[in-house]
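Here's a friendly tour of one helix and some charged pairs. Have a look at the structure first, then read on.

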Amino acid sequence: MTSVITRLDAARLAAHRDELADLLLAVVRGGSSLGFLGDLDHTAAAAWWDSLAPAVEEGSLALWVSRPAGGRLDGTVSWYRESKPNGRHRAELRKLMVHPGARGRGTARALLSEAEHAAARAGVLLLVLDTETGSGAEQVYRSAGWTEAGTIPDYATDPAGRLHPTTLFYKHPELPR
């Protein structure tokens, strides 16, 4: 099933915030480590999405969603552009998530590709990210040409509160050919 990927501005973020909260809840409840614990509820998830609106409005945070024809949002990704003068050439890829029921359909790769190409068009020379070591996401980044920079032990907890290492990756984004 092909999904349409759309970049959200602040108004569209607000309009889709409940669907985004549902997506975040499904991914966290599926065990993905995204900075949230298993007791996350819809109100807190929606509030987290609302907190991103100022950065989206000012343009430091770029955010995309994926939606299959006639369906609910099945994925999202964002990147945050560094604002410090010595780091404006880089951005951090954040919160690539795909609904557990939509995995294995190429959604993560499509979202990642869109974010990478948009970064290149915006003049970003370096993308960085961290992900739970040994996770399915780690394999997505490797297969998409990201380079491992190292691993940090006991970096973050999973939704159940267990400590896990994280792997750091980087990539120089390119325009599509």
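Let's start with helix α4, which covers residues 107-121 in this predicted model. It has 15 residues and reaches 21 Å from its first C-alpha to its last, close to the 21 Å expected at 1.5 Å a residue. Right after α4 comes Gly123, and its phi is positive, near 85°.

Which residues of α4 are buried? The list is Thr107, Ala108, Leu111, Leu112, Ala115, Glu116, His117, Ala118, Ala119 and Ala120. Glu116 counts as buried because its relative accessibility is 9%, under the 20% cut-off.

Now for the charged pairs. The structure holds 13 salt bridges, and here are three of them:

| Pair | Closest N to O |
|---|---|
| Asp50 and Arg17 | 2.9 Å |
| Glu114 and Arg121 | 3.7 Å |
| Glu116 and Lys171 | 3.0 Å |

Take Glu116 and Lys171, whose side chains meet in a salt bridge. Glu116 sits in helix α4 and Lys171 in strand β7 (residues 163-171), so this pair ties together parts that are 55 residues apart in sequence. Lys171 is buried too, at 16% relative accessibility.

With Glu114 and Arg121, Glu114 is partly exposed at 29%, while Arg121 counts as exposed at 52%.

What about Asp50 and Arg17, joined by a salt bridge? Asp50 lies in helix α2 (residues 42-51) and Arg17 in helix α1 (residues 10-29), so the pair links parts that are 33 residues apart in sequence. Asp50 is partly exposed at 36%, and Arg17 is partly exposed at 25%.

Finally, salt bridges can join up: Glu19, Asp22, Arg67 and Arg72 are linked in a network of them.

Terms used: Residues are numbered from 1 along each chain as its sequence is written. This is a predicted model: local features need pLDDT of at least 70, side-chain atom pairs count only at pLDDT 80 or more; totals for chains, interfaces and linings use all residues. Side-chain values use heavy atoms; hydrogens and water are left out. Helices (H or I, at least four residues) and strands (E, at least two) are DSSP runs, numbered from the N terminus. The expected span of a helix is 1.5 Å times one less than its number of residues. Buried means under 20% relative accessible area, exposed over 50%, partly exposed in between (1.4 Å probe, protein chains only). A salt bridge is a side-chain nitrogen of Lys or Arg within 4 Å of a carboxyl oxygen of Asp or Glu.
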